[in-house]
Amino acid sequence: MLNRKDVIEKEIEQLVFDLKRGFIQFVTLYLICEKPRYAYEIKENILKITRGTFDIDRNNLYKKLRALERDGFLKSQLKSSDQGANRKYYSISPYGKKLYNEMYQILIPVMASLHQRFKKK
């Protein structure tokens, strides 16, 4: 039987896992809405935005980007780089912009409301 500390740890791990899944997709779309980006740049920005809380494995990021592209939310283009191999830059499609805007309409008011409530305590 798990002790209370282990149960709390397990619950926190699950919370972070659940938050990370949706948040990474939202932030990825946000970053690509700003300008076309390549995977490493997206990863670094996610780390910066989350202050290191949400790191994403490079392979998982590539899977997420390929899925977003496959579903029509992103487009990609290979571009040459001064620092070695060509880079695959992702840009937002009109369909991806619509998804981002709808996610924004749901997430931002909820996060703002939570922030206000937590600030009062």
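**Close-up views of a predicted model**

**View 1. I12 sits partly exposed in this predicted model.** Its relative accessible area comes to 46%, and since partly exposed covers values between 20% and 50%, I12 therefore belongs in that class. The residue is part of helix α1, which spans residues 4–34.

**View 2. I12 helps to form a nonpolar patch on the surface.** Together with I8, L15, V16 and L19, I12 makes a patch of about 440 Å². If you have the structure open, picking out these five side chains will bring the patch into view.

**View 3. Helices α1 and α2 pack at an angle of about 115 degrees.** Helix α2 runs over residues 39–49, and the axes of α1 and α2 are 10 Å apart. Angles from 65 to 115 degrees count as roughly perpendicular, so α1 and α2 are given that description. The crossing here is right-handed.

**View 4. Helices α1 and α3 cross at roughly 70 degrees.** Here α3 covers residues 58–70, and the two axes come within 11 Å. This pair is therefore also roughly perpendicular. As for handedness, α1 and α3 make a right-handed crossing.

**View 5. R66 is a partly exposed residue of helix α3.** Its relative accessible area is 47%. For a sense of distance, try R66 together with K5: the two are 61 residues apart in sequence, and their C-alpha atoms lie 38 Å apart in space.

Notes: Residues numbered from 1 in each chain as written. Predicted model: local features only at pLDDT ≥ 70, side-chain atom pairs only at ≥ 80, totals over all residues. Heavy atoms only, no water. Patch = residues over 30% accessible without salt bridge, like charges linked within 9 Å, V, L, I, M, F, W, Y side chains within 5 Å. Areas by Shrake-Rupley, 256 points an atom, 1.4 Å probe, with all protein chains shown as cover. Salt bridge = Lys/Arg side-chain N within 4 Å of Asp/Glu carboxyl O. Helix = DSSP H or I, 4+ residues; strand = E, 2+ residues; numbered from the N terminus. Buried < 20%, exposed > 50% of the residue type's maximum accessible area, 1.4 Å probe, protein only. Axes fitted to C-alpha atoms, helices over the stretch in contact; angles between N-to-C directions. Parallel < 35°, antiparallel > 145°, perpendicular 65-115°, else oblique. Left-handed = near helix turned anticlockwise from the far one by under 90°.
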